[in-house]
Each structure stands twice: as C-alpha cells, then as structure tokens.
Amino acid sequence: MTVNNNQGRRASTKDDTNGFVNVAFTHDERSGENVIRRKSGNSNSLELDNGTTLSTSAVPAVNSAAAPIDFDDILPMIGEFGKYQKILFICMIPFAFFVAFIYFSQIFLTLIPEQHWCSVPELESLPLAERLALSIPRMDNGDYDNCLMYNVNYTDLLAKGIRKADPKWPTVGCMHGWSYNFTEIPYTTVATEENWVCDNDTLPTYAQSIFFLGAIVGGLLFGWIADKFGRIPSLIGCNLVGFAAGVATAFISKFWQFAIMRFFVGFAFDNCFTMMYILVLEYVGPRYRTFVANMSIAIFFTMAACMLPWIAYYLANWRILAVVTSAPLLLAVFTPLVVPESARWLVSQGKVDKAVSILKKLEKVNGKHISPETYQNFTDSCLKLRQEETTNQSHSIMDLFKTPRLRRTTILLIIIWMAISLVFDGHVRNVGSLGLDIFFTFTVASFTEFPADTLLTLTLDRFGRRWLACGSMVLSGIFSLLATIAPVGVYSASLAIVGRFFVNISYNIGLQYAAEILPTVVRAQGVAFIHIMGYVASIIAPFVVYLTYISPMLPLIILGILGIAGGLLSLLLPETLDHDLPQTLSDGEEFGRGQSIWDFPCLAKKIDESNDLEVRSPHFVRSTQSGASLRASTGGELRSSILQRSTRSRYTSKL
C-alpha cells in the first residue's frame, strides 16, 4: 500500500509531565480513507487500521513534509530505551554512589559513643568500673553523667584507699577531656578527637546545617552553569568541588575548618547525581522513565547507602573514610568519554548540528535508521521554535503569587515540601537515637528506599498523587508517634523505620507533584524555588534531631506531628493524574477547580480503546500519554530551561 501526503493529517498532543509527543496520522472521518496510526512508544512501525504494518522508513514523506518535528518526535524513531540508553542507565551507578556518600558520610564522620565520661588522669591506672565509681556522679536514671566529675583531690583519695565516691562531693565540668567507650563504635571520629560533646555537642549539628547552606548555594550556582554551559560541565564541576572539599576534610583539625569543608561538600550534594539523572532521562522515552527515574534510586542509591556504614565500620578511621568516600568523585572527569551532552540543551542553545550528531550516534548504536530529510526537518523546526520562545520568556516566580488560587496552591506546595524534607532528613539523622546498633539500624532504614520506590512505581499512576501523598505522610507521622510509646529498642526502632519507609514514598511523590501543578511558563523557576525551600527546612532538621539530648522521644514527636499535618494539607492540592497540565498562568489559576477532595483517579472511567470511545468523570480528563513518569519532569524542570519548551505543545490536545 502506498501513502499519499494528502491522505492524512498529523495530530500531535503532549503530556506536560513528560514533554513527549504521541504522533498519530489520522484520516478525516468523513472521507472514509485508511488510518495510519503510530502506536505509542513504538519506533519501528506504523499500524494501519486494517492491521497492516509499515516500516517507518517506508513513509518518510508523511513525517517530514507535513509538519515540523522536535526532539520528542524524533526520539521514538531513534529508540526510547535502546542499547545506548541502557548504557547510560548503567553509567548512573557511580553518581548514585556519590550522592549517597556525600549525603550520609557526616553521620559516620561525627559519631559519638553514647557512653563517654570525664577523663581523670590520676585514675588512668584503675579499671574502668572503679574509675567511674570514684570520679563520675550518677544521674537520676542511674547512668553515669557524661559531662560532670567530682571536684576532689584524687591523689589523696587513692592514697587513703577510697574507691567509691560520696554523692555529696562537689562536682565540676570535665577539666581534662573525655574518655569514650568504643565498643559499639570501634573507631575515633572527628567529634571524639575534638571532643564535640557537652558544651560543644551542638557543633556537629551546626556543621550539618552549614552543609545544607552549601547545598543551596551550590544548587543555584551549578543549576545556572547547567543552563548556561551545559549539563556535562556542571556535572564535572560540582563533583570536583565535592572531591576537593571531601578529601581536604581528612586533614582538618579545627571545627571552623570542618565547617568550611562541609559547606563546599554541600555544593556537590544533589547536583553530583541530579545532572546525570537529567541527562539520562532526557534521552529516555516516557514509557521507560518511570523505571529509570525510580529504579536508579531504588537500586543504586539504596545499595550505596546500605554499604556506607560497613565501609566506615571496617575502615575504622574517620580520615580514611573521608578520603574513600570523596576520592571516587574524581571519576567524573571521564564522563564526556561515555556520556553525551544533553541534546535538548544543545537545541535550546541553537546548537542543533551538535544535537543531530549525538542523535545519529544514538541511532547507530540502537540499530535504527533515520532519513536525512527527517534530520533536516528537525533542525529547521528547532531553530524556528527557539526564535519564537526567545520572545516569550517574560514570566517570573512572582507570577505564582498574583492570583488567589495559584497563590494558595504555591504556598501549599512550599509548606508541604518543607514538611516532607524536614521529616525525611529528620528520620535519616535520628537513626542513631533509636537504641540499637547504628550500623545495622542505618542499613535497614536505608533499605526501605527500595520497596518504597518499587511500590510507588506500581501505584502512583493508578491511585494518583494527592491521596498517596496524604496517606504516606500521615502513616509516616502515625508510626513515628507510635515509636515514642513503644519500648525503647527493637520495637521503637522498628516503628520509626516504618515511618521512614512511608516518608520515602512521600518524598518521591513530592519531587514530581510541584512540576505537574505549576503552569509551564513558570514551572522551572517555581520548582527550583520550592526545592530550595526544602533545603531551608533541611537546615532545621539537625536541630530537631538534637532535641534527643532533652528527650529521646521529642524528635519523633515533632516528626510525627509534621508528617500528619503535611499529609492532611496535601488533600487541599488538586489531583494531576489523567489531567492535561496547566501551561499558562490562567490555566494554573483554573487548574483543579471543581475537584472534590473525595475524587479518586482510580475510580474514574477510562478510555475504551476497543472502539475509541471515552467516558470520563467530569473532573478527570485522561491525557494522551498515560502514566506520568515519576520524578522525570521534576528533575528536568528543576535544572533545565529547555524543558519549559518541551512541555509546551504546539497543538491543542482535544480530549
């Protein structure tokens, strides 16, 4: 069968979440002519309405001459998850390890044994039990005090044969440093070497907050570099800063030196993986982004997080640990040898020829064939579209606060994301206060990322964002509160870990939610702003965990209340599943109007694909690209101005 260009017209619709165009060649229903339709995600063939298939190479004129095409049109022709994309997926492994090491390493660099007491040089020759009985007062619970000693003449006491203290003796703060019980934590850390305990026990907390300050500055700096100079320079730059500061940490001897190094290590946090994450997702088709986005975290990040405590345990030297967890970041300099620059970014900068050369490489590795005419049409279309968009970038973050409903939605997103970030980081850092071995507990808590991501992959596109966000946050809060009334030890730790599991789910939902609710024209700026506000909340998290010195239950109480409150607030947001996402500010103002809190996407009627008829709930309009990818749009929108373009359809979706 031959195909005439005038027989069909090209209809193009786009799902804002993925920025992907589903291409269909359809006939005018009144003409009775044959239909040629491209199956979603099938880059190899076109399907006729009578079941006959044609090779894409057999109909070049239909695609190239009828209408302009962009990156989202050409990607299915090259292959949405071919051999090349699988190689890129494997290349995410080291960067997932880097971000886990950067994020969690300070926990094991600053561990302090729960049992530590004032050091008394005169009593060093005595067994530990006798030293404590003679020099350290007991607290109300019967444990020896960590920060006080008896202010007496120990030489005279030894000469008199006294081996037990009189509770009435005067006390004083530690005058000669501290001694530590390294039974559970079998190595010295920077905190024990520098005695960051008692009056100085807030110093590790300050250092962690300074780390997140560095993350804010680094996020802004390397996000700008990514949009200005490309993903690869940003990826290499932030990893090199993390490498230099991390290795230099091994040579510090003062708190201010440690704090400065943590600030610059924070530069690399998130960016050291996010840039690679974006690069890979920009080359993967929407059918596979759910898998790539989530399983890269669930498998690679989780593996690194579970390994880290045992690396620290067996190295048993905090300086070596600092080097071992930082030196691998130097491998980022080899990234250009295996990972191409983002073709989307090149297109946004008008460097379409370079983008085409990369696409041809993908085409060759994936075993596809694209005609020169198609590439020429792609080049002309991208250059024209870029010229159009250059004149339309006049919106700012302040536009989100000018109209009442959009302002309310934006404020809700900020508050909810700050709650999620604080609860997530609070659970991460509170693991040492659960009454069990920290190495084992940290491993189990980190492993919850795998089932959380896997479960979310299976349920998010069925049950929607709003109720899953609410349910997971509320359950996280409930289990956190239950941990405060359970017996200390296995029971309370288990409940807290379940709370960590549910907040993992909330965190992953939250990463995507804002990118779907905010209108396209301000999406990148809005998501970046919300992400930064999450860092602000993370700065507070170490101080919440510090409250364990007042009461071990207090951090979990705060995390529980925040989790429940954040979850309930999520119900006030509009549902985005199966909706065409807002593009203009007016779309954003009207988005979700008329929805009820009790609307469930899984109860909405779906498309009857057997006869192309669709019966829909009035509040749930099914988008052409079913199954929005998890975190795909968020990662891109957060760093990439070009994805503002890729989520803006040239055609109106008539659904």
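The following exercises, each with a worked solution, concern a predicted model of a protein.

**Exercise 1. The overall make-up**

Task: State how many helices and strands the protein has, and what share of its residues is buried.

Solution.
Step 1. The secondary structure consists of 26 helices and eleven strands.
Step 2. The protein has 655 residues, and 56% of them are buried.
Step 3. The accessible surface may be added to this description. It amounts to about 27,100 Å², and carbon and sulfur atoms account for 61% of that area.
Step 4. Contacts are considered next. Of those between residues at least 6 apart in sequence, 78% join residues at least 24 apart.

**Exercise 2. The largest pocket**

Task: Describe the largest pocket by its volume, its lining and the elements that supply the lining.

Solution.
Step 1. The space in the largest pocket is about 1,700 Å³.
Step 2. Its lining is made of 47 residues. Those nearest the centre of the pocket are Ile112, Glu114, Gly432, Ser433 and Tyr549.
Step 3. At least two lining residues come from each of the helices α3 (83-109), α7 (203-229) and α22 (520-546), and likewise from the strand β6 (116-118).
Step 4. Sorted by class, the lining contains 24 nonpolar, 15 polar and eight charged residues.

**Exercise 3. Two aromatic pairs**

Task: Classify the aromatic pair Phe104 and Phe301 by the angle between its planes, and locate both residues.

Solution.
Step 1. The structure has 36 aromatic pairs in total.
Step 2. In the pair Phe104 and Phe301, the ring centres are 5.8 Å apart and the planes stand at 50°. An angle under 30 degrees would count as stacked and one over 60 as edge-to-face. The pair is therefore tilted.
Step 3. Phe104 lies in helix α3, and Phe301 lies in helix α11 (residues 286-315). The two are 197 residues apart, so that the pair links distant parts of the chain.
Step 4. Phe104 and Phe301 are both buried.

Task: Determine how the pair Tyr546 and Tyr549 is classified, and whether each residue is buried, partly exposed or exposed.

Solution.
Step 1. The rings of Tyr546 and Tyr549 are 4.9 Å apart, centre to centre, with 50° between the planes; this pair is tilted.
Step 2. Buried requires under 20% relative accessible area, and exposed requires over 50%.
Step 3. Tyr546 has 23% relative accessibility and therefore counts as partly exposed.
Step 4. Tyr549 has a relative accessible area of 52%, so this residue is exposed. Tyr549 was also met in Exercise 2, among the residues nearest the centre of the largest pocket.

**Exercise 4. The second largest cavity**

Task: Give the volume of the second largest cavity and describe its lining.

Solution.
Step 1. A general idea helps here: rolling a probe the size of a water molecule over the atoms shows where empty space is left.
Step 2. There are nine cavities of 30 Å³ or more in the structure. The second largest has a volume of about 160 Å³.
Step 3. This cavity is lined by 16 residues, and the closest to its centre are Trp417, Gly510, Leu511, Tyr513 and Ala514.
Step 4. Two or more lining residues come from each of α17 (404-429), α21 (490-517) and α22. The greatest contribution is that of α21, with six residues.
Step 5. By class, eleven of the lining residues are nonpolar and five are polar, while none is charged.

**Exercise 5. Individual residues**

Task: For Thr302, Cys198 and Ala528, decide whether each is buried or partly exposed.

Solution.
Step 1. Thr302 is situated in helix α11. Its relative accessible area is 3%, so Thr302 is buried.
Step 2. With neighbours within four places in sequence left aside, Thr302 is in contact with Ile297, Ser446, Phe447, Glu449 and Phe450.
Step 3. Cys198 belongs to the loop between α6 and α7. At 13% relative accessibility, Cys198 is therefore buried.
Step 4. The phi angle of Cys198 is near 55°, a positive value in a residue other than glycine. Asn195 is in the loop between α6 (190-193) and α7, and phi of Asn195 is also positive, near 55°.
Step 5. Ala528 is part of helix α22. Its relative accessibility of 21% is not under 20%, so Ala528 counts as partly exposed.
Step 6. Ala528 and Ala514 are separated by 14 residues in sequence and by 9.8 Å in space, from C-alpha to C-alpha.

Key. Residues numbered from 1 in each chain as written. Predicted model: local features only at pLDDT ≥ 70, side-chain atom pairs only at ≥ 80, totals over all residues. Heavy atoms only, no water. Helix = DSSP H or I, 4+ residues; strand = E, 2+ residues; numbered from the N terminus. Buried < 20%, exposed > 50% of the residue type's maximum accessible area, 1.4 Å probe, protein only. Contact = heavy atoms within 4.5 Å. Areas by Shrake-Rupley, 256 points an atom, 1.4 Å probe, with all protein chains shown as cover. 1 Å grid on protein atoms, 1.4 Å probe; cavity = no way out; pocket = protein on both sides within 12 Å on 5 of 7 lines; lining within 4 Å. Points joined across faces, edges and corners; volume = space filled by probe spheres on them. Nonpolar A, V, L, I, M, F, W, Y, C, P; charged D, E, K, R; others polar. Phe/Tyr/Trp six-rings, centres within 6.5 Å; stacked < 30°, edge-to-face > 60°.
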